[in-house]
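Student: I'd like to go through this one by asking why things get the labels they get. Can you set each value against its definition for me?

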Amino acid sequence: MTNEQEATGKNEEPAACEGEGVLCEASVRALRVGHGANCSSVGSVIDTLFLGAAVGGAVFAAVLAAMKVEPVTVVGEASRNDDDDETEDGEGT
Amino acid sequence: MIVRYEPWGAWVKAETTPALVALDRDGVRALGLDGGRAWREGAEAKASPPIEVHLAVTSRCAAGCEGCYLDAHPDGVEPPAETIERAFDALAKAGVFTVAFGGGEPTLRDDLGELARAARARGLSPVVTTSGLGLGARKLEQLRAFAQVNVSYDGASEAYESVRGFDGAAAAEAAITKLAGTGVVVGVNVVLTSGTFDRTKETIRRAASLGATEVQLLRYKPQGRARALDYLAKRLSPEQARGVGPLLRELAAEHEGRVRIRIDCALVPFLSADPDLASRPSELARWGVLGCEAGDLLASTRVDGRVAPCSFTAPTDLHVEQLAKGWAGEPGLAQYRVYSSSPAEPCASCTLRTVCKGGCKVVSEYANGGIGPDPECPRVREHAVSLAEAGAAE
């Protein structure tokens, strides 16, 4: 991270993951913190755009760390098929 | 953690650190998961169902806000709990993550807490928006069942009244205080109008002092009772629209780490006037900034169960109980997705195109009678001026 990036909050592209099977920032296409609590329109967190790169990286790290330990529930698989087959062959660990 | 596989990877809703994450396939595999049939060849052919649905649990409301986008009334309809629970079943089957209770005024329902728990039991995250009017101990207890509660709060008395036509600021402020005091995660919805825009910082300071931890800024939209000539006076001026980016920068600096600042989908076009933000589309996308997601990541349902692309658009013939099967093929939804994926100029050449997705279609439909470039977007305004000048010169 450069001094300019730290000062302006402009984050450089995340580095590639270190090795296969490692969950890291580079695998995150998008991250929106918090709940979407409004009932009329989609909300986007905007203050994260102005965070320093270090703070932004910490946000990513916290979410990724949480994801590694949370139990998984897979939803919605049947919705991409025209039948009512509820089989979840994508079920995870 | 809830995971929904997509052809490109998966949407993930983290619970302990609340967040919505789009992970690529490598990231999903790193969690020990595999997308199965969603990752097989040809899976991209169908549009994925929404991840967020706004559910009208009543059309009753006694507040009488001048700009109510649903034109709610005291004698509105309140669907039975069984009907709403069937909607929850359908949302869960489709893979929806978040159900946002709206109305009407949701707290007028006596079974609101039970409904929130019913949503949770199906794996949905229930959130709700309320005016805060008449929020007694019993309703407060019901609201504890929600992941987050947002209170409509447009500012202190004068500002509030200028938006809604009555002064409900004290009730909203009391609601924020009570909710925060009982440990409920509470945010505020702040509608930006020409009359309140200059007081936004003051409004947010006040909300934060009362315990709000999140602010959602909303663009005033021409729908329901706001679909009138009065809209033209209440919408943000061109100068104010250009000032949204700088305002957000100031708000973020002032409230960093204490209050989360959010904007709604319809404010995203205004970021095009901010040279810094307009030059960072990949960062906006990476931080989950969403423009018009109507009929895509977002849907809305009316009290009669009909599904609409968003809360401000006309409902389609699709019923929520058919959401999973009917989502991809419903033409009233598809037209929004199609336009968002390839908007006309000047949106087509805008750096923010993939984030903004052509701006607010509700505004373009109001102004021009159909889906098209958002006429209040600063870039669209400049484009229109350029065309007019070129035409005059010929």
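**Labels and their cut-offs**

Tutor: Sure, starting with a helix pair: α7(B) and α10(B) are roughly parallel to each other. Bear in mind that this is a predicted model, where local features need pLDDT of at least 70, side-chain atom pairs count only at pLDDT 80 or more, and totals for chains, interfaces and linings use all residues. Residues are numbered from 1 along each chain as its sequence is written, while chains are lettered from A and ligands numbered from 1 in the order in which they are written.

Student: Why are α7(B) and α10(B) called roughly parallel to each other?

Tutor: The axes of α7 (residues 200-210) and α10 (residues 244-255) of chain B cross at roughly 30° and come within 11 Å. Axes are lines fitted to C-alpha atoms, for helices over the stretch in contact, with angles from 0 to 180 degrees between N-to-C directions. Angles under 35 degrees count as roughly parallel, over 145 as roughly antiparallel, 65 to 115 as roughly perpendicular and the rest as oblique. So the pair lands in the roughly parallel class.

Student: Which residues of α7(B) and α10(B) meet?

Tutor: Thr200(B), Lys201(B), Ile204(B) and Ala208(B) of α7(B) meet Leu247(B), Glu250(B), Leu251(B) and His255(B) of α10(B). Contact is a C-beta criterion (C-beta atoms, placed from the backbone, within 7 Å). By class, that contact has four nonpolar, two polar and two charged residues. Here Ala, Val, Leu, Ile, Met, Phe, Trp, Tyr, Cys and Pro count as nonpolar, Asp, Glu, Lys and Arg as charged, and the others, Gly among them, as polar.

Student: What makes β1 and β3 of chain A edge strands?

Tutor: Look at the order β1(A)-β3(B)-β2(B)-β1(B)-β3(A), an open sheet of five strands with mixed pairing. β1 (28-33) and β3 (73-74) of chain A each have a single partner strand, so one side of each has no neighbour in the sheet. Helices (H or I, at least four residues) and strands (E, at least two) are DSSP runs, numbered from the N terminus.

Student: How do you know that β3(A) and β1(B) pair?

Tutor: Pairing requires DSSP to find at least two bridges between two strands. β3(A) and β1 (residues 2-6) of chain B have two bridges, in the parallel sense. Val74(A) stands opposite Val3(B) there.

Student: What joins β2(A) to β10(B)?

Tutor: Three bridges, with the strands running antiparallel. Val45(A) has Arg262(B) as its bridge partner in β10(B). On β10(B), Arg262(B) also stands opposite Gln216(B); β9 (residues 214-219) of chain B and β10(B) pair in the parallel sense over four bridges.

Student: Where do those strands sit in their sheet?

Tutor: The order is β2(A)-β10(B)-β9(B)-β8(B)-β7(B)-β6(B)-β5(B)-β4(B)-β11(B)-β12(B), an open sheet of 10 strands with mixed pairing. β2 of chain A and β12 (307-308) of chain B are the edge strands, each pairing on one side only.

Student: How many residues does each chain bring to the contact?

Tutor: Chain A brings 49 residues and chain B brings 85 residues. On the chain A side, β1(A) gives the most, with six residues. That side divides into 23 nonpolar, 18 polar and eight charged residues.

Student: Which domains does chain B get?

Tutor: Domain 1 (2-45) and domain 2 (52-343), with bounds from an automatic or database domain assignment. Their centres, taken over C-alpha atoms, are separated by 26 Å. Four residues from domain 1 and five residues from domain 2 of chain B form the contact.

Conventions. Contact = placed C-beta atoms within 7 Å.
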